Amino acid sequence: MTEARPGAPAEPPPAAARRRRAVSPAAVGLPVLGLVIAVAAWWLVTSGLHLVHPVALPPPQAVARSLADTTDVLLPALGITTWMTLSGFLLSAVVGVLIGMALAASGRVERMFAPLLVAVNAVPKIAFGPLLVVAVGFGQKPILTMVFLLCFFPIVLSTATGLTTTPADLAELGRSLNASWWQSFRKVRLPAALPQIFVGLKVAMPLAAIGAVIGEFYSDRPGLGYQILQYNGVGDTATAWAAIVLVALMSIVLYAALSAIERFALPWVRATTSAR
């Protein structure tokens, strides 16, 4: 039997490792149960107890019926909104990480531009909507701009925080090995910051969907935001709510995909931290 090295984590038994790799039934069953409870509460408020007028909040069966009747309109709109959400999110991720790196690399740069970033983030983004149409015109540009405005700040903040809070033992290890600045950044600071960066990315992902919908309010792109305005304008609130439900489902799928990417890209995080 091989003797374990002092300080090295003990290897889990093969059965435990297989159980950890396998998908737990609770991982699928609990979200489905939560969805069932939410729909049941929705039905109870609208159809069971009649606490809300159906014009303001249609019952789930009416929304499902409208969704089935308008799939030829809402599904293409879902594709447009998904594409706008992903495009704006990727743009925000690239620019946000670069800005966060610049803030982390220089205290002067941080003191110079951090107040401006906070000021831009503090302005209600919906106030930019009418101005974006004048500034950048119709089409994709106002949507991408709105997604960027909503997403970039949490990514910048998480990147700068992750890069400036490297564990002291890891930083001391790099110095003891006479690592250059680039070697220390690539081998120590960036890997240590990746979990924090992914926190910012996961915060920004739902914001990207919100930004895409708000941007479509002021665009001629027939995405889900455009359809919400159109159907609500003619009094078809059931179909408008069907579009809102699709936005929510899209956000859940994109967030789950990002979480899966995090698990695949950072396998050491779960191995070195306590799991719930």
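Here a biologist and a modeller talk through a predicted model, question by question.

Biologist: Before we start, how are residues numbered, and what does a predicted model need for its local features?
Modeller: Residues are numbered from 1 along each chain as its sequence is written, and side-chain values use heavy atoms, with hydrogens and water left out. Totals for chains, interfaces and linings use all residues in this predicted model, side-chain atom pairs count only at pLDDT 80 or more, and local features need pLDDT of at least 70.

Biologist: How many helices are there in the protein?
Modeller: Helices (H or I, at least four residues) and strands (E, at least two) are DSSP runs, numbered from the N terminus. From the N terminus on, every element in the run is written α. The protein has zero strands, and its number of helices is 12.

Biologist: What share of the residues of the protein count as buried?
Modeller: Buried means under 20% relative accessible area, exposed means over 50%, and partly exposed lies in between, with a 1.4 Å probe and protein chains only. The protein has 276 residues, and the share that counts as buried is 34%.

Biologist: And how much of the exposed area do carbon and sulfur atoms supply?
Modeller: Accessible areas come from the Shrake-Rupley method with a 1.4 Å probe, and for residues only the protein chains shown count as cover. The protein exposes about 16700 Å², and the part supplied by carbon and sulfur atoms is 70%.

Biologist: Which element gives the most residues to the largest nonpolar core?
Modeller: A nonpolar core is a set of buried Ala, Val, Leu, Ile, Met, Phe, Trp, Tyr and Cys residues joined through side-chain atoms within 4.5 Å. The largest one has 26 residues, and F89, I155, L201 and L258 have the most contacts inside it. The elements that give two or more residues to this core are α4, α7 (140-164), α9 (181-217) and α11 (237-265). With 10 residues, the one that gives the most is α9.

Biologist: Which residues does F89 touch, beyond those up to four places away in sequence?
Modeller: Contact means heavy atoms within 4.5 Å. Leaving out residues up to four places away, F89 touches V147, L201, A204, M205, A208 and L258.

Biologist: How many residues are in the other core?
Modeller: This core lies apart from the largest one, and W42, L74, A243 and L246 are among its members. Its residue count is 14.

Biologist: Which residue forms a salt bridge with E262?
Modeller: A salt bridge is a side-chain nitrogen of Lys or Arg within 4 Å of a carboxyl oxygen of Asp or Glu, and the structure holds one. The closest N and O atoms of the pair are 2.8 Å apart. E262 sits in helix α11 and its partner in helix α9, 60 residues apart, and both are buried. The partner is K202.

Biologist: Why does T81 count as buried, and which side chain makes a polar contact with T81?
Modeller: T81 lies in helix α4 (residues 71-105) and counts as buried because its relative accessibility is 0%. A polar contact is a pair of N or O atoms within 3.5 Å; within protein, one must be able to donate a hydrogen and the other to accept it, and residues adjacent in sequence count only if both atoms are side-chain atoms. At 2.9 Å, the side chain joined to that of T81 belongs to E216.

Biologist: Which backbone oxygen lies 3.0 Å from a polar atom of the T237 side chain?
Modeller: T237 lies in helix α11 and is buried, with a relative accessible area of 14%. Not counting residues up to four places away in sequence, T237 touches P54, V55, P58, Y231 and N232. The backbone oxygen in question is that of V55.

Biologist: How far apart in space are L163 and F185, C-alpha to C-alpha?
Modeller: L163 is found in helix α7 and is buried at 2% relative accessible area. Beyond its neighbours within four places in sequence, L163 is in contact with residues including M101, A104 and F185. L163 and F185 are 22 residues apart in sequence, and their distance in space is 8.6 Å.

Biologist: What separation do the C-alpha atoms of A104 and T165 have?
Modeller: A104 lies in helix α4 and counts as buried at 14% relative accessibility. A104 and T165 are 61 residues apart along the chain, and their C-alpha atoms are separated by 9.7 Å.
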